[in-house]
Amino acid sequence: MTMLNASSFADFVNETTEKKSSGEFFELESDRIMKINLNSSNGLAWMKKGAMIAYTGNVKFAMEDLFEHGVKTIVKRFVTGESGNLVKATGEGQVYIADGGNKVKLVKMNNDTIIVNGSNLLAFEPSV
């Protein structure tokens, strides 16, 4: 058993206490955990299969349907070799996701373009 000194215990409590919500759709809970806030106006998010670590509220999860994003996406995946390992989260509540202990970064885009390897994409809004 490892003994913690007072300052390391305080650091532990500070680092693991749930953060106050900003109300944004995506929020960083820590440098390795992202929270998705689903509600009646934005109750749908896509995430990488196996990324969900916890959730609260009335949230349902479903595997991506082959034709979910249209024929154009199917052709693109066939050509690029990307697989469709996505899960759809719908409802109201909070979903906590992570990527195998990797650090998570939020990228907010406004009519911008970014190219990301599919295996490095953790979650996205349906409008993307």
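Student: Is Val116 buried or exposed?
Tutor: Val116 is in between: its relative accessible area is 37%, so Val116 counts as partly exposed. Buried means under 20% relative accessible area, exposed over 50%, and partly exposed lies between, with a 1.4 Å probe and protein chains only. This is a predicted model, where local features need pLDDT of at least 70, side-chain atom pairs count only at pLDDT 80 or more, and totals for chains, interfaces and linings use all residues. Residues are numbered from 1 along each chain as its sequence is written, and side-chain values use heavy atoms, leaving out hydrogens and water.

Student: Where is Val116 found?
Tutor: In the loop between strand E5 (86-97) and strand E6 (123-124). Strands (E, at least two residues) are DSSP runs, numbered from the N terminus, as are helices (H or I, at least four).

Student: Now the inside. How many residues has the largest nonpolar core?
Tutor: That core has 16 residues, and Met47 and Val95 are among those with the most contacts inside it. A nonpolar core is a set of buried Ala, Val, Leu, Ile, Met, Phe, Trp, Tyr and Cys residues joined through side-chain atoms within 4.5 Å.

Student: Which element gives the most to this core?
Tutor: E5, with 4 residues.

Student: And what is Met47 in contact with?
Tutor: Leaving aside neighbours within four places in sequence, the contacts of Met47 (heavy atoms within 4.5 Å) include Ile36, Phe61, Val95 and Ala123.

Student: How many helices and strands does the chain have?
Tutor: There are 2 helices and 6 strands, in the order α-β-β-β-β-α-β-β from the N terminus.
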